[in-house]
Amino acid sequence: MIGRSILVSAIMCFTFLSSGCFSQADGHYSARDLNRGSKDSYWSDDYADDDLDDRESDDYDDDGGDDSDIVMNPEVKKDPSYIVVNNDFSNLQVYNPRIPIYDQYTLEQRRALNLPTQLPPVQKFSGIKMAYLTFDDGPDDINTPRILDILKMYGVIATFFVCGNMVDTYPSVLKRIFNEGHAIGNHSYNHNYKQLYPSASNFLYQMEKTDEAIFDVIGMRPLIIRAPGGKYGAFTSEYYPMLDKNGYVEYDWNVDSEDAKSQLKSAQALIDQVDQQTQKKFKNDSAIILMHSTAAKTTTVDALPKIIQILKERGYMFGVITPMTPQPW
Ligand SMILES: [Zn+2]
């Protein structure tokens with residue numbers, strides 16, 4: 001097997017909707033359902049928000065109901081750090097918005113092994129008010145570590161859409177993101193619009209190159225991507241079938257902290273943006289918040305604790321982007 005650390009096959013029921021592990025089959029779950037599963041609870045204290053502390057147990061058991069590879073990272077205690085998709089992607093119905101999902105193969109490896117590259121239809125997560133903090137353009141060795149410290153302090157998970165050239169420069173920071181249970185997504189190799197947006201094949205080239213950079217560090221590749229600048233206005237119709245064919249799921253955002261404006265905004269201005277934009281009800285109760293983790297974005301770091309507090313007070317739970325995350329629009 002390629003690039004695996006410790007594999008614990010099997011635990012649990014927290015995967016297939018079809019396995020009947022959850023009491024509801026319509027895709028809508030209460031916080032109580034999610035906290036408890038039906039008989040297996042799979043959330044850990046490490047990942048728990050304050051409002052999840054009433055769950056009954058964080059024990060796992062092996063009911064033999066699933067052959068997914070659940071990877072346990074000893075540095076993160078007993079909890080699954082991420083889930084590895086099956087060769088045929090059949091375990092993509094994992095119904096947990098808090099555990100990152102990766103592929104153990106690059107696209108090139110899948111093609112060579114004659115494995116599918118296109119994802120099957122996936123039911124999107126819904127039913128709980130979720131906030132997905134996303135940090136683009138890193139990792140760097142200044143602000144990304146500070147962001148990771150804050151996330152750890154608040155017990156919150158996030159998604160980092162990284163650029164391949166930054167991964168090549170700061171591999172140890174990428175490794176830390178991975179080890180601490182956050183999700184990693186692909187944000188192109190060099191973020192250069194002129195090179196990314198002439199054609200879908202140009203875009204694919206950078207996606208694969210970045211996958212390789214990520215794979216070299218963590219032994220996995222993400223299925224989630226974010227188009228630099230967002231897909232609207234950038235993608236032509238040829239991009240969508242290219243992404244489908246290669247199993248990439250693109251996520252833009254529906255809350256913009258505005259930390260990418262050319263003139264650096266104050267921390268308070270970023271807080272105000274997130275505060276104002278998260279007062280409304282979102283489609284699927286899902287707020288995907290755009291921020292950045294590069295050396296220039298100092299005020300993002302300063303604003304983050306307050307942004308987390310506001311979202312918690314507003315009743316959001318924190319998740320990571322996976323192919324099961326609903327689209328923001
Ligand atoms: Zn970007």
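D285 sits in the loop between α9 and β12, where helices (H or I, at least four residues) and strands (E, at least two) are DSSP runs, numbered from the N terminus. Before we look around, a word on what you are viewing: this is a predicted model, in which local features need pLDDT of at least 70, side-chain atom pairs count only at pLDDT 80 or more, and totals for chains, interfaces and linings use all residues. Residues are numbered from 1 along each chain as its sequence is written.

Let us stay with D285 for a moment. Its phi is near 55°, a positive value in a residue other than glycine. D285 is partly exposed, because 17 other C-beta atoms lie within 10 Å; a residue is buried if 20 or more other C-beta atoms lie within 10 Å of its own, exposed if 12 or fewer, and partly exposed in between, with C-beta atoms placed from the backbone. Leaving aside residues up to four places away in sequence, D285 touches I128, K129 and M130. Here, two residues are in contact if their C-beta atoms, placed from the backbone, lie within 7 Å. D285 and F125 are 160 residues apart in sequence, and their C-alpha atoms are 9.9 Å apart in space.

Now step back to the whole protein. Its secondary structure comes to ten helices and 13 strands, and buried residues make up 45% of its 329 residues. Of the contacts between residues at least 6 apart in sequence, 76% join residues at least 24 apart.

M130, which D285 touches, leads us into strand β5 (residues 130-136). How many of the residues of β5 are buried? Seven of the seven are, so the strand is largely enclosed by the rest of the structure. In a regular strand the side chains alternate between the two faces of the sheet. In β5, M130, Y132, T134 and D136 are on one side, A131, L133 and F135 are on the other, and both faces are covered.

Which strands pair with β5? Strands β12, β13 and β6 are among its partners, and two strands pair if DSSP finds at least two bridges between them. With β12 (residues 286-292), β5 runs parallel and shares seven bridges; there, M130 stands opposite S286. With β13 (residues 317-318), β5 pairs in the parallel sense over two bridges, and M317 is the bridge partner of M130. With β6 (residues 159-162), the pairing is also parallel, over three bridges, and D136 has F161 as its bridge partner. From β5 the chain crosses through helix α3 (residues 143-154) to β6, and this β-α-β crossover is right-handed. A crossover earns that name if, with the strands pointing away from the viewer, the path from the first strand over the helix to the second runs clockwise.

Along this path, P139 is found in the loop between β5 and α3. A cis peptide bond joins G138 and P139, with omega about 0°.

Strand β6 is our next stop. Both of its faces are covered: T159 and F161 on one side and F160 and V162 on the other are all buried. F160 is the bridge partner of F135 in β5, and in β7 the bridge partner of F160 is I184. Four bridges join β6 to β7, and these two strands run parallel.

Following the chain past β7 (183-186), we meet S188 in the loop that leads to α6 (193-196). S188 has a positive phi of about 80° although it is not a glycine. Is S188 buried or exposed? S188 counts as buried because it has 26 C-beta neighbours inside 10 Å.

Finally, let us return to α9. Helix α9 (residues 267-277) and helix α10 (residues 298-313) pack at an angle of about 35°, with their axes 8 Å apart. Axes are lines fitted to C-alpha atoms, for helices over the stretch in contact, and angles run from 0 to 180 degrees between N-to-C directions. Where the helices meet, A267, L270, I271, V274 and D275 in α9 face T299, T300, D302, A303, K306, I307 and I310 in α10. These residues divide into seven nonpolar, two polar and three charged; Ala, Val, Leu, Ile, Met, Phe, Trp, Tyr, Cys and Pro count as nonpolar, Asp, Glu, Lys and Arg as charged, and the others, Gly among them, as polar.
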